[in-house]
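Welcome, and thank you for stopping by. Please take a moment with the sequence and the model, and then read on for a short tour.

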Amino acid sequence: REVMGPDAWQCPEQMVLLESDPARAREIARANTKTYLRLPNYQNNLRQFGYDDADFAGGGSDRLVDAIVAWGDEKAIAARIQAHHDAGADHVCIQPFRPDGQPGPDLTILEALAPR
């Protein structure tokens, strides 16, 4: 917010996954983020936050995967989304990965996170 000013719309994207088992969550997250993590522009952006070549190897380090994909139960995911709002985001776009690893959005987490 400080860099862009008070009038600019900030709409970060947050990948989300309704899966509480760390090994399974990271496996699904890596399958869904492999294209992103190969792109130089994506890597360059992440390097600004302290990630390096070791973090991009092997589908992404646990540290990197955990930073870019909010996984866990509904409460943990909602807290990660709220953190964006607390940092000044006007809107948070979510990309909901399915816990079965299949393509397409997870409608369960979309319904759980929908405003009431």
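Let us start inside the sheet: leucine 18 stands opposite glycine 72 in strand β2. In the same way, leucine 17 has tryptophan 71 of β2 as its bridge partner. This is a predicted model, in which local features need pLDDT of at least 70 and side-chain atom pairs count only at pLDDT 80 or more, while totals for chains, interfaces and linings use all residues. Residues are numbered from 1 along each chain as its sequence is written, and side-chain values use heavy atoms, with hydrogens and water left out.

**The sheet**

Strand β1 (residues 13-18) and β2 run parallel and are joined by four bridges. Two strands are said to pair if DSSP finds at least two bridges between them. Helices and strands themselves are DSSP runs, numbered from the N terminus: H or I with at least four residues for a helix, E with at least two for a strand.

Which order do the strands take in the sheet? The order is β2-β1-β3, in an open sheet of three strands with parallel pairing. β2 and β3 (93-97) are at the edges with a single partner strand each, so one side of each has no neighbour in the sheet. From one strand to the next, the twist averages 25 degrees.

Strand β2 (residues 69-72) is covered on both faces: Val69 and Trp71 are buried on one side, and Ala70 and Gly72 are buried on the other. Here buried means under 20% relative accessible area, exposed means over 50%, and partly exposed lies in between (1.4 Å probe, protein chains only).

**The helices around it**

Helix α1 (residues 22-38) lies across β1, β2 and β3, and runs at about 145 degrees to β1. Such angles run from 0 to 180 degrees between N-to-C directions, with axes fitted as lines to C-alpha atoms, for helices over the stretch in contact; contact means heavy atoms within 4.5 Å.

Helix α5 (residues 74-86) has 13 residues and reaches 18 Å from its first C-alpha to its last, close to the 18 Å expected at 1.5 Å a residue. That expected span is 1.5 Å times one less than the number of residues. Alanine 87 sits in the loop between α5 and β3. Its C-alpha is separated by 9.5 Å from that of glutamate 2, although the two are 85 residues apart along the chain. Glycine 88, which follows α5, has a positive phi, near 115 degrees.

**Two cysteines and an alanine**

A disulfide is a covalent bond between the sulfur atoms of two cysteines. Counting a pair of cysteine sulfur atoms within 2.5 Å as a disulfide, the total comes to zero. The sulfur of cysteine 11 is 5.5 Å from its closest cysteine sulfur, in cysteine 93, which is too far for a bond.

| Residue | Relative accessibility | Class |
|---|---|---|
| Cysteine 11 | 38% | partly exposed |
| Cysteine 93 | 33% | partly exposed |
| Alanine 87 | 52% | exposed |

**The whole chain**

How many helices and strands does the chain have? The secondary structure comes to six helices and three strands, and along the sequence they follow the pattern β-α-α-α-α-β-α-β-α. The C-alpha trace spans about 40 × 35 × 20 Å along its principal axes. Buried residues make up 32% of the 116 residues. Of the contacts with a separation of 6 or more, 65% are between residues 24 or more positions apart.
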